[in-house]
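Visitor: Before we look, I would like each label to be justified by the value behind it.
Guide: Then let us take the labels one by one.

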Amino acid sequence: MSYELFYWPGLQGRGEFVRLALEEAGADYVDVARMPPAGNGAEPDPEGTDSGMAAMMSILQSDTEPHVPFAPPFLRDGATIVPQTANILLYLGPRLGLVPDNEASRYWVHGLQLTIADVVTEAHDTHHPIASSLYYEEQRDPAKERAGDFIANRIPKFMNYFERVLGQNPAGPRHLAGDALTYADLSMFQLIDGLRYAFPRAMKGFAKRYPKLAVLHGAVRERPRIAAYLASPRRVAHNESCIFRHYPELDQPSG
Ligand SMILES: N[C@@H](CCC(=O)N[C@@H](CS)C(=O)NCC(=O)O)C(=O)O
């Protein structure tokens with residue numbers, strides 16, 4: 001039976017961290033909100049379908065589902081519903097062979113994923129520093145202030161940390177954990193990719209400042225299944241509905 005991923009169509013968003021793991025593993029999965037009605041033979045539509053959205057909303061708005069998720073992304077595997085990006089990857093990691101086979105490593109990789117999730121939330125808050133319910137245009141000035149701090153202080157603090165993690169990995173700097181690819185490496189690729197899209201000026205010297213992370217980003221991008229996925233219509237382009245939004249006025253060169 002296919003894994004069912006439930007996420008908003010038309011954007012990469014947090015769903016992309018799960019998609020990359022499923023794609024790297026060559027897993028059988030359905031991106032439910034993009035699926036055409038069963039049996040009509042049409043291709044998945046990255047912009048979403050009415051029937052796919054209805055299927056997702058029927059779970060989110062259910063009065064009876066005991067494991068009702070708060071928000072997408074969530075995963076359904078048979079009768080099991082798994083909410084929250086990092087939790088989904090904790091669940092999928094061993095099943096997809098994307099985490100080492102021991103408990104200490106699994107919690108370490110999960111911890112890395114949670115730290116990546118922290119950066120993702122802070123990246124979102126650069127364009128929505130006051131309220132998610134308001135438009136960006138209604139919070140432009142605080143967004144400038146928030147983005148300035150994110151670029152000057154938070155990106156360097158997080159990236160210095162992840163660069164150290166690579167440098168201090170006893171198995172070498174190619175992966176964040178152990179000597180083989182994990183879902184945290186895939187998510188790190190996505191984080192760097194998103195930050196480069198949103199803040200091209202601020203990220204200009206990235207490869208010089210964080211050479212190990214830059215190598216990791218390039219190595220993930222070139223993995224055969226990831227490269228094929230990135231070139232496919234399943235990979236929606238970065239855009240301004242997403243977490244990583246490019247607003248030139250928020251993108252200041254980093255000191
Ligand atoms: N911590 C959750 C956050 C989930 C989340 O914020 N999902 C967004 C889309 S990326 C959403 O639909 N949020 C609705 C809301 O917060 O009201 C995760 O990592 O999965």
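Visitor: What makes strand β3 and strand β4 a pair, and in which sense do they run, parallel or antiparallel?
Guide: In this predicted model, strand β3 (residues 74-77) and strand β4 (residues 80-83) share four bridges in the antiparallel sense; pairing requires at least two bridges, so the two strands count as paired. Among the partners, R76 is bridged to I81 in β4, and L75 to V82 in β4.

Visitor: How do you know that β1 pairs with β3?
Guide: The same test applies. Strand β1 (residues 3-6) and β3 are joined over three bridges, again in the antiparallel sense, and because at least two are needed, they pair as well. One of the contacts is between E4 and R76, its bridge partner in β3.

Visitor: What is the phi of G78 in the hairpin of β3 and β4?
Guide: The hairpin has two residues between its strands, and G78 takes a positive phi near 65° there.

Visitor: Why is the phi of Q84 worth a remark?
Guide: Most residues other than glycine have a negative phi. Q84, in the loop between β4 and α3 (85-96), is not a glycine and yet has a positive phi, near 80°.

Visitor: What makes the peptide bond from P72 to P73 cis?
Guide: Its omega is near 5°, whereas most peptide bonds are trans. P73 itself lies in the loop between α2 (50-60) and β3.

Visitor: Which residues surround the ligand?
Guide: They are Y7, W8, R14, F70, A71, P72, P73, Q84 and T85, so each of them has a heavy atom within 4 Å of the ligand. By class, this shell divides into six nonpolar residues, two polar and one charged.

Visitor: Why are the approaches of R14, P72 and T85 to the ligand called polar contacts?
Guide: The cut-off for a pair of N or O atoms is 3.5 Å. A polar side-chain atom of R14 is 3.3 Å from a ligand oxygen, a backbone N or O atom of P72 is 2.8 Å from a ligand nitrogen, and a side-chain N or O atom of T85 is 2.8 Å from a ligand oxygen; each therefore qualifies. Of the 510 Å² that the ligand exposes when taken alone, the protein buries 63%.

Visitor: Which pocket does the ligand take up?
Guide: The ligand occupies the space of the largest pocket.

Notes. Residues numbered from 1 in each chain as written. Predicted model: local features only at pLDDT ≥ 70, side-chain atom pairs only at ≥ 80, totals over all residues. Heavy atoms only, no water. Polar contact = N/O pair within 3.5 Å; in protein donor to acceptor, adjacent residues only side chain to side chain. Areas by Shrake-Rupley, 256 points an atom, 1.4 Å probe, with all protein chains shown as cover. 1 Å grid on protein atoms, 1.4 Å probe; cavity = no way out; pocket = protein on both sides within 12 Å on 5 of 7 lines; lining within 4 Å. Sits in = over half its atoms within 2 Å of the grid points. Nonpolar A, V, L, I, M, F, W, Y, C, P; charged D, E, K, R; others polar.
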